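Here are my notebook entries from a session with this model. Please keep the structure open alongside and follow along with me.

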Amino acid sequence: MTTFVELLLSGLSIGSVYALIALGFVIIFKATEVVNFAHASLLLAGGYLTAVLRDDIGFWAALLVGVAGAAAVGALVEFLVIRRYRGHDHSVLAIVTIGVDIVLVTELTRQIGARVLPMGDPWGAQVLTLGSVSIPQTRVAAFVTAALIIGAFLLAFRFTSWGVAMRAVAEHPETAALMGIRLGRVSSSAWAVAGALATVAALFLTVFPTPGLERGTSLVALKAFPAAILGGLDSTTGALVGGLVIGVTQSMAAGYQSDLTFLGRGIGDLAPYLVMLLVLLVRPAGLFGTRELSRV
Amino acid sequence: MSESTTAATTGSAGTAKASGASGAGSATGRGRRARARVRPPRRAAAYTVAAAAAGGLLLLALPFYLDRFWLQAGLLAMAAAIGAIGLNLLTGATGQLSLGHSFFLAVGAYGYCVLAGDTGGELTGLGLPGWLAVTGAVALAGAAGGLFSPIAGRLRGAYLGIATLALVFIGQHVLLNAHDLTGGYNGRPVPPLSLLGITFDDTETVVAAVPFQSMEKLWYAGLVLLAVCAFFAHGVLRDRPGRALNAIRDHRIAAGVMGVPVARQRAGVFVLSSMYAGLAGVLLALVFQQTVPEYFGIVLALEYLAMIVIGGLGSVSGAVTGAVFVTLLPQILTRYSEALPLVSAPGTGGVAPGEMSRYLYGAAIVAIVLFLPGGLVRLAARRGHTKKDEA
């Protein structure tokens with residue numbers, strides 16, 4: 001039972017981190033209808049900046065710079081690439097983001113090399129114990145931070161003029177433009193927000209019990225794709241639920257690995273994708289995605 | 001969605017007028033045919049035939065002149081071309097993004113090893129004759145694609161892209177864990193193919209004073225396979241199925257209204273593209289002579305996407321051009337890394353050839369989609385066009 005609760009808590013915590021990434025992914029999709037395959041590279045960029053700068057300027061300042069840097073990279077990609085596309089096919093634009101991703105990830109993994117960069121976070125390897133359940137402090141911090149950020153974001157989405165503009169664009173870009181909403185600004189802000197969220201996620205993906213940022217971190221980030229798809233690409237609720245489902249599944253599959261040996265080693269890494277496939281079989285638009293009503 | 005409707009209608013209007021010259025954006029078979037009609041038929045046909053014959057002769061003669069390194073590079077390009085043709089049927093012609101192509105390459109490669117290999121040590125093999133093993137491997141890849149059809153038939157575009165991402169990870173998991181079939185982390189050796197009394201291994205056969213080893217012999221097998229694959233895909237794209245696929249890409253609902261069974265066509269083209277990947281996998285395995293799981297990862301799937309985007313979406317020639325470009329780029333950079341600025345040998349801290357080629361084709365994807373929709377093939381076509389207009 002204790003193991004179960006520990007796994008559940010750690011799953012929820014890692015799931016909330018996936019939710020942060022998936023949320024950025026969904027925001028970009030809603031604002032620009034682009035499926036952003038370069039998301040993992042934004043995450044890696046933010047994480048790398050934080051890890052490299054923390055020795056010189058301290059952890060918190062480095063994190064701020066990382067967040068700002070990834071937001072800038074996101075906005076820059078939007079400005080230099082996405083805005084220049086004149087065609088109509090958003091599938092092709094998704095392929096463009098793959099090109100961007102190849103370049104960025106190659107450069108960042110080259111910089112990182114074989115190193116493992118520790119984040120130097122204030123939580124370290126301390127463990128919080130409640131009764132018989134013990135959980136790393138980093139996991140608690142991850143959950144609280146993710147919940148705060150997501151809550152703040154959802155409020156902003158509902159009540160600020162930026163949020164209203166964003167939702168209007170998602171609903172109908174042409175009409176929104178006619179109402180005086182500047183599409184370019186909305187879409188670059190979406191990319192910037194996604195970059196910032198990804199950096200926070202990068203921080204919590206690389207702290208204890210993980211040793212630090214390494215070249216494989218972008219692969220870990222790929223697990224947020226199933227989270228976004230599973231919840232439904234155009235639904236913020238879906239991103240949250242998807243993230244949590246993926247996190248808990250992964251944590252459970254990894255934790256009970258010894259009972260699942262017939263499935264082979266490393267089933268925990270595979271579980272998110274299997275869950276996604278199962279959900280897609282039943283609901284092709286994801287759990288909360290808008291169903292297509294065009295049937296022929 | 002509404003935008004793509006207008007694109008589709010203007011597209012068909014443009015081709016209906018048979019003005020053809022600008023081709024109205026989408027490279028549909030109809031557009032190409034209209035353009036062919038405008039051109040003075042006889043001279044153009046003769047010119048094409050002559051060029052093709054010269055190119056074919058050159059390809060046939062190459063094994064007598066090139067060393068093993070370049071032959072292997074060329075063979076890798078041929079295998080990649082076969083795989084890329086398959087992916088272009090799926091992604092280029094039908095608009096279904098796939099990030100799982102490397103999974104089907106792996107099914108083909110390992111399928112061949114299991115079917116043709118002998119049981120020995122830890123490994124299981126069926127020891128089937130070569131032709132049966134190749135056919136079986138391709139059929140296996142097709143069956144794997146068929147198993148995925150409940151998802152491949154329903155999802156579209158980038159959604160499918162992420163769903164197929166799952167295949168790569170499932171593939172890696174199976175390859176690393178099913179030891180008796182795949183050999184685990186170190187992979188398994190590939191049994192040489194023997195076909196029609198010829199064994200494609202390193203025993204030397206001297207042809208016209210040139211020693212023929214595995215690469216020389218495989219070169220011809222690769223050429224034949226590529227030609228057959230290209231011919232078949234060309235037929236698919238030019239006739240009814242191709243029209244249906246393009247219609248699904250350009251306007252799914254309109255295609256459905258006109259009687260195209262959208263889900264079945266999508267599932268079907270997914271199976272076909274998997275079979276192409278399977279065959280490419282077999283050829284790759286034969287060239288490498290050892291299959292390792294690491295090769296069939298996400299990077300390989302992205303490379304195939306890069307090929308079709310760089311070469312040109314939706315056409316056979318585009319796939320082949322892109323495959324040659326993306327495959328030969330790292331080989332050339334490796335070979336001449338000392339002479340090139342900015343590139344240094346792997347492990348010295350500078351930009352390694354592999355990394356350099358990734359920068360180049362990553363940037364090429366972006367540049368081509370933004371500034372040259374239609375890819376390198378379109379560039380060549382445009383060049384030809386302006387020349388003819390001047391003449």
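Which residues does A79(B) touch, not counting residues up to four places away in sequence? I looked this up before anything else, bearing in mind that the model is predicted.

**Entry: A79(B)**

I found A79(B) touching G222(B), A280(B), L283(B), L284(B) and V287(B), with residues up to four places away in sequence left out. I placed A79(B) on helix α4 of chain B, which covers residues 68-93. I then asked myself whether A79(B) is buried or exposed. I call A79(B) buried, because 29 C-beta neighbours lie inside 10 Å and the cut-off for buried is 20 or more. I also checked a long-range pair: A79(B) and V324(B) are 245 residues apart along the chain, and their C-alpha atoms are separated by 9.7 Å.

**Entry: the nonpolar core**

I looked up the largest nonpolar core and noted 215 residues in it. A81(B), I82(B) and I365(B) have the most contacts inside this core. I followed I365(B) further and, leaving aside its neighbours within four places in sequence, I listed contacts with A306(B), V309(B) and I310(B) in chain B and with I95(A), V96(A), I98(A) and G99(A) in chain A.

**Entry: where the chains meet**

That took me to the contact between the chains. I noted 36 residues from chain A and 37 residues from chain B in this contact. On the side of chain A that touches chain B, I found that α4 (90-112), α10 (224-231) and α12 (267-282) each supply at least two residues. Which helix gives the most to that side? I wrote down α4(A), with twelve residues. By class, I see 24 nonpolar, eight polar and four charged residues on the chain A side.

**Entry: the annotated spans**

I turned to UniProt next. Its unreviewed entry lists "transmembrane region" for chain A at residues 6-27, 59-80, 92-113, 140-157, 189-208, 228-249 and 270-289. I compared two of these spans with the model. Residues 228-249 of chain A are 82% helix and 0% strand, and I get 15 Å between the end C-alpha atoms. Residues 270-289 of chain A are 65% helix and 0% strand, with the end C-alpha atoms 23 Å apart.

For chain B, I read from the UniProt annotation (again an unreviewed entry) that "transmembrane region" covers residues 44-64, 70-90, 97-117, 129-151, 158-176, 218-237, 267-289 and 359-381. I checked residues 70-90 of chain B and found 100% helix and 0% strand, with 30 Å between the end C-alpha atoms. Residues 158-176 of chain B also came out as 100% helix and 0% strand, and there the end C-alpha atoms are 28 Å apart.

**Entry: chain A as a whole**

I counted twelve helices and two strands in chain A. Reading from the N terminus, I get the order α-α-α-α-β-β-α-α-α-α-α-α-α-α. The C-alpha atoms of chain A fill a box of roughly 60 × 55 × 35 Å along the principal axes. I also tested the radius of gyration: a compact globule of 296 residues would have a value near 19 Å, so the 19 Å of chain A agrees. I find 52% of the residues of chain A buried. Of the chain A contacts between residues at least 6 apart in sequence, 75% join residues at least 24 apart.

**Entry: the hairpin in chain A**

How many bridges join β1 and β2 of chain A? I noted four, between antiparallel strands at residues 127-130 and 133-136. One of the bridge pairs is V127(A) with P136(A) in β2(A). The two strands form a hairpin with two residues between them, and in the turn I see G131(A) with a positive phi of about 60°.

**Entry: loop residues**

I looked for positive phi outside glycine and stopped at E33(A), where phi is near 60°. E33(A) lies in the loop between α1 (2-32) and α2 (39-57) of chain A. I count E33(A) as partly exposed because 18 other C-beta atoms lie within 10 Å.

My last stop was P191(B), in the loop between β1 (188-189) and β2 (194-195) of chain B. With 22 C-beta neighbours inside 10 Å, P191(B) counts as buried. I noted that P191(B) touches C113(B), A116(B) and G117(B), residues up to four places away in sequence aside. P191(B) and C113(B) are 78 residues apart in sequence and 6.5 Å apart in space, C-alpha to C-alpha.

Key: Residues are numbered from 1 along each chain as its sequence is written. Chains are lettered from A and ligands numbered from 1 in the order in which they are written. This is a predicted model: local features need pLDDT of at least 70, side-chain atom pairs count only at pLDDT 80 or more; totals for chains, interfaces and linings use all residues. Two residues are in contact if their C-beta atoms, placed from the backbone, lie within 7 Å. Ala, Val, Leu, Ile, Met, Phe, Trp, Tyr, Cys and Pro count as nonpolar, Asp, Glu, Lys and Arg as charged, and the others, Gly among them, as polar. UniProt positions are given in the numbering used here, feature names are shortened, and annotations may be inferred rather than shown by experiment. Two strands pair if DSSP finds at least two bridges between them. A residue is buried if 20 or more other C-beta atoms lie within 10 Å of its own, exposed if 12 or fewer, and partly exposed in between; C-beta atoms are placed from the backbone. A nonpolar core is a set of buried Ala, Val, Leu, Ile, Met, Phe, Trp, Tyr and Cys residues joined through C-beta atoms within 7 Å. The radius of gyration is taken over C-alpha atoms; the globule rule is 2.2 Å times the number of residues to the power 0.38.
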